[in-house]
Amino acid sequence: MIDSYESISPTAILTAYPRMFTDIPYEKEIYKWLSKNCNENVKLNKLLAPEIEARYKLTNKLFEDTGIEQVLELAAGYCSRGLIYSKKGIRYVEMDLESVSNNKINLLNDIDSINSNLNIITGNALNFDDVIKCEDFFDINKEIAVINEGLFRYLTFDEKKKIAINIYNLLKKYNGVWITCDVTPKKFLQKQDNSNKGLNENINVITSRNTLNDRFEDINHIKSFFRDIGFKSIEIHKFIEMKEELKSFDILNIDRNSFDELLENGIVAVMKI
Ligand SMILES: C[S@@+](CC[C@H](N)C(=O)[O-])C[C@H]1O[C@@H](n2cnc3c(N)ncnc32)[C@H](O)[C@@H]1O
């Protein structure tokens, strides 16, 4: 049965494309595979590269700071993170909807291979029964990190809450941390409209799920929303922390200061229960 959330899946190509213009390993091979094998009609945008690179690198840095050795990445899309960390010995479970997971397995087998630390599973992050499928691969005696990038912006607050409760329940069993950039405040969207004209209209056309009503107001709203679910520690980091690490500015020959306002308003939250 096709999941109604599958309308969001083509956006995984939208976010895979700009990672080609960075130094992140495997991303060029991944996009090359997608362009040959996926016939999605999505309007691509190179200017997304600085923010996508910043959120990817900030998430990695914050994950590495934890020293945790097992990860569940929800809505992992076509991202290379699982492949890279699993090769470093991290137990890594990627979950996404059926079409993306199937493509991911085929693409990884074509461009590299799926090692024994990497598990690609199909599931809907709103269903706890799907989320706990990761238990088959994890050591219950070790903490986990849950990661997601680019999922919540397409969901209503009720849907975001359901996933946050699923993650809370998982962390209750394992302990650990939730690292996510999926707390987009309204101001980030406004800055995105300034630095990347037409982007949000394009996302509206693809998903019909990109409304300003589904955005967090500000950092206070982010904190109160997750505190009400039971998260006790909510640390806020900004994309701008990664500015010096971003290679996309030089690769695309864009002024490295012209994205400051956008990067100032992009957030990665690190949450514990
Ligand atoms: C913008 S893409 C982000 C993909 C990847 N994290 C990245 O940054 O490139 C959104 C992803 O969310 C996935 N998705 C949408 N709804 C989902 C759900 N209910 N459960 C799991 N994944 C979902 C889509 O299939 C898609 O891969």
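This passage describes the sheet, the helices packed on it, and the ligand surroundings in a predicted model.

The strands form an open sheet of seven members, arranged in the order E3-E2-E1-E4-E5-E7-E6, and the pairing within the sheet is mixed. At its edges stand strand E3 (118-122) and strand E6 (233-238), each of which pairs on one side only. From one strand to the next, the twist averages 15°. Within this order, strand E1 (residues 70-74) and strand E4 (residues 144-148) run parallel and are joined by four bridges. At this pairing, Leu 74 stands opposite Asn 148 in E4.

Helices lie across the strands at both edges of the sheet. Helix H5 lies across strand E2 (91-96) and E3, and the direction of H5 makes an angle of about 150° with E3. Helix H10 (residues 219-229) lies across E6 and strand E7 (267-272), and H10 runs at about 150° to E6.

Helix H5 (residues 98-111) is also packed against another helix, H2 (residues 27-37). The axes of H2 and H5 come within 10 Å and cross at roughly 120°. Because angles over 145 degrees count as roughly antiparallel and those from 65 to 115 as roughly perpendicular, with the rest between these ranges termed oblique, H2 is oblique to H5. The crossing by which H2 passes H5 is right-handed. On the H2 side, the contact is made by Glu 29, Ile 30 and Trp 33, which meet Leu 107, Asp 110 and Ile 111 in H5. Classified by residue type, this contact of H2 with H5 contains four nonpolar and two charged residues, with no polar ones. H5 thus takes part in two arrangements: H5 meets residues of H2, and H5 lies across E2 and E3.

The surroundings of the ligand were examined next. Around the ligand there are 21 residues, of which Ala 12, Thr 15, Ala 75, Gly 77 and Gly 150 come nearest. Helix H1 (residues 11-16) gives the most to this shell, contributing four residues. By class, the shell around the ligand has 13 nonpolar residues, together with six polar and two charged ones.

Note on methods:
Residues are numbered from 1 along each chain as its sequence is written. This is a predicted model: local features need pLDDT of at least 70, side-chain atom pairs count only at pLDDT 80 or more; totals for chains, interfaces and linings use all residues. Axes are lines fitted to C-alpha atoms, for helices over the stretch in contact, and angles run from 0 to 180 degrees between N-to-C directions. Angles under 35 degrees count as roughly parallel, over 145 as roughly antiparallel, 65 to 115 as roughly perpendicular and the rest as oblique. A crossing is left-handed if the near helix is turned anticlockwise from the far one by less than a right angle, and right-handed if clockwise. Two residues are in contact if their C-beta atoms, placed from the backbone, lie within 7 Å. Ala, Val, Leu, Ile, Met, Phe, Trp, Tyr, Cys and Pro count as nonpolar, Asp, Glu, Lys and Arg as charged, and the others, Gly among them, as polar. A residue is near a molecule or strand if its C-beta atom, placed from the backbone, lies within 6 Å of it. Two strands pair if DSSP finds at least two bridges between them.
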